[in-house]
Amino acid sequence: MGVLVSSAVAGLRCPEEANIRSPESVVSLHTSFIAAGAELIETNTFGANRHKLRSRFLEEEVAAINEAGVKLAREAREISGRDVYVAGSVGPLGEGLEKAERGPVFAEQAALLDGRGVDLFMVETFFDLDELTTAIEAVQGVSGLPIVAMLTFDEDAETFGGVSARDAVERLAEYDLAAVGANHGAGLHAALAALEAMGNGRPLAALPNVGLASLSGGRVIYPHATPEYFAEFAAQARALGARVIGGCCGTTPTEIAAIARAVEEERKPTVPFAAAERELVTAAHERPEETDLARALQGGDWVTCVELDPPKGGTYDSMLAVTRTLKDSGAVGFVDINDNPMARARANALMAAIAIERACAIETIPHVTPRDTSVMGLQSQLLGAHAEGVRNVLAVTGDPPHVGDYPGSQGVYDVDSIGLAQMVTRLNAGEDFNGKAIDAPTSFFLGVAVNPSADDLETELDRFRRKVEAGAQTTSRIASAAGRSRCSSGSSWSGRTSSPSACTTRCRESSCPSPCRTASATQGRGAPRSGSSSRASSTPKRARRLPAST
């Protein structure tokens with residue numbers, strides 16, 4: 001209803017504000033749905049909890065908005081002269097509250113709706129199962145009215161957090177609910193897939209979006225469904241056990257009329273609904289082939305790696321020429337590639353790694369930072385790089401934007417390097433950052449960084465331990481080794497191997513006048529073995545720097 005209210009009333013801070021600013025518009029929408037054949041209408045209170053209203057500077061209107069929402073729905077029922085149910089709509093709270101703070105917020109709204117005379121509650125559009133159960137418990141704590149509880153699912157019948165519809169309905173079986181089901185989401189097919197997964201053991205509810213939203217002239221529209229399509233959806237939903245059938249965002253009286261006719265006529269599905277379960281291309285538990293770097297570290301071999309800066313221009317020619325020279329020398333086994341070092345824009349490290357491995361046949365270690373890309377973008381880049389054959393990655397936080405060429409910009413940092421390590425580990429396990437299955441698991445060899453020159457070594461070591469816990473290979477001992485280098489990377493490679501080992505890159509430049517300390521980590525046999533590392537650029541003019549942030 002919120003989409004229609006916002007379209008009808010200009011300048012609203014939220015759809016629920018219409019209850020007190022334009023009540024006649026809300027009543028008009030209610031009556032139009034009743035006239036179309038609706039037997040249940042929802043109050044315009046989906047986001048009318050104190051937490052959400054506070055963000056719209058409407059915190060003082062919590063009681064007025066909720067009470068008016070019920071009053072307007074009841075008024076529409078009286079105007080229509082039809083015996084319809086009035087459901088109190090309760091939605092999720094969003095971010096910004098601890099778990100213990102959520103219950104009282106839900107309870108406050110439920111008490112207001114119950115006090116004004118709703119017939120039941122629609123606790124709906126929840127992406128998180130734990131938050132839904134918190135809301136259910138809060139509502140049941142202040143009211144004995146029936147509850148219809150609904151989660152939002154994707155086309156694989158999973159919530160945003162990776163909970164399957166089957167697992168969700170089993171968890172919700174612990175509560176005395178009138179119905180459970182799916183609403184909002186990716187459209188009608190997603191709701192039907194969720195219903196099928198839930199089974200026919202208890203009353204179900206399905207109120208999906210009309211389809212995928214799009215923008216047209218600054219307005220949100222839902223152009224991808226017809227009344228006939230909704231009528232077929234209603235028939236399919238009934239066959240799958242739904243006893244509450246309706247629509248969410250984008251639904252108009254036209255679609256409700258089609259549903260009402262299909263239900264009244266007891267329409268049968270034209271074809272049986274079937275949702276195929278997606279299969280993984282490769283089982284997540286299968287051991288992937290080790291990279292050359294992993295084998296070298298596992299075997300305690302001497303590792304020589306040169307660090308490259310990707311080009312600042314639109315060609316790889318110079319970078320590839322340098323790499324070929326290194327490869328042909330026979331002394332360099334790997335190249336690692338910076339990701340916009342010193343917060344200065346260069347070619348993407350993962351794409352540069354693909355070009356190098358394809359053209360020069362040398363294994364790369366691209367750096368990956370969450371500074372410039374969202375969680376979704378990072379996963380997209382990693383999956384693309386893996387599909388092109390890149391297997392080694394070094395997760396680093398990256399230099400902050402203010403030290404580079406764009407001091408006014410801000411980093412994205414949806415996660416830090418610890419979260420990035422967790423992301424890579426989950427991709428290797430066959431799931432995305434939210435725990436949802438992907439088509440095929442990756443087999444990245446994950447490295448992390450530690451700065452032995454950090455001002456606060458205790459904090460640095462704590463972060464290193466957390467990176468190990470996030471998926472880099474566990475180490476049993478952290479030792480210091482003194483060296484003399486103007487090119488020391490300060491980076492400790494801790495890889496995910498079947499036999500735990502780690503390697504610290506360290507330059508052996510004997511002419512360096514100032515010593516540096518590099519951390520090394522080993523487990524199992526023998527003393528730590530150091531590799532050698534130096535740095536080259538596609539325009540090699542700069543000396544090696546110590547990382548500002550790991």
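The largest pocket of this predicted model has a volume of about 1,200 Å³. Its lining comprises 47 residues. Leu40, Glu42, Leu207, Gly246 and Gly247 lie nearest the centre of the pocket. By class, 23 lining residues are nonpolar, 14 are polar and ten are charged.

Both helices and strands contribute to this lining. At least two residues each come from helices H1 (2-8), H3 (23-35) and H11 (253-264). The strands that supply at least two residues each are E1 (40-42), E2 (85-90), E3 (120-126), E5 (179-184) and E9 (242-245). Helix H11 gives the most, with seven residues.

Several of these strands belong to an open sheet. The sheet has seven strands in the order E1-E2-E3-E4-E5-E6-E9, and the pairing is parallel. E1 and E9 form the edges, each pairing on one side only. From one strand to the next, the twist averages 25°.

Pairing was examined around E5. Strand E4 (residues 147-151) runs parallel to E5 and is joined to it by four bridges. Within this pair, Met150 has Gly181 of E5 as its bridge partner. E5 also pairs with E6, again in the parallel sense, over five bridges. Here Asn183 stands opposite Leu207 in E6. Leu207 is also among the residues nearest the centre of the largest pocket.

Strand E6 (204-208) is mostly covered, with five of its five residues buried. In a regular strand, side chains alternate between the two faces of the sheet. In E6, Leu204, Ala206 and Pro208 point one way. Ala205 and Leu207 point the other way. Residues of both sets are buried.

Helix H9 (residues 188-198) packs on the sheet. H9 touches E5, E6 and E9. The direction of H9 makes about 165° with that of E6. Ala193 lies in this helix. Ala193 counts as buried because its relative accessibility is 4%, below the 20% cut-off. The C-alpha atom of Ala193 is separated by 7.0 Å from that of Asp156, although the two residues are 37 apart along the chain.

Methods
Residues are numbered from 1 along each chain as its sequence is written. This is a predicted model: local features need pLDDT of at least 70, side-chain atom pairs count only at pLDDT 80 or more; totals for chains, interfaces and linings use all residues. Side-chain values use heavy atoms; hydrogens and water are left out. On a 1 Å grid over the protein atoms alone, a cavity is a set of points where a 1.4 Å probe fits but cannot get out, and a pocket is an open set with protein on both sides within 12 Å along at least five of seven lines; lining residues have an atom within 4 Å of a point. Grid points are joined across faces, edges and corners, and a volume is the space filled by probe spheres set on the points. Ala, Val, Leu, Ile, Met, Phe, Trp, Tyr, Cys and Pro count as nonpolar, Asp, Glu, Lys and Arg as charged, and the others, Gly among them, as polar. Two strands pair if DSSP finds at least two bridges between them. Axes are lines fitted to C-alpha atoms, for helices over the stretch in contact, and angles run from 0 to 180 degrees between N-to-C directions. Contact means heavy atoms within 4.5 Å. Buried means under 20% relative accessible area, exposed over 50%, partly exposed in between (1.4 Å probe, protein chains only).
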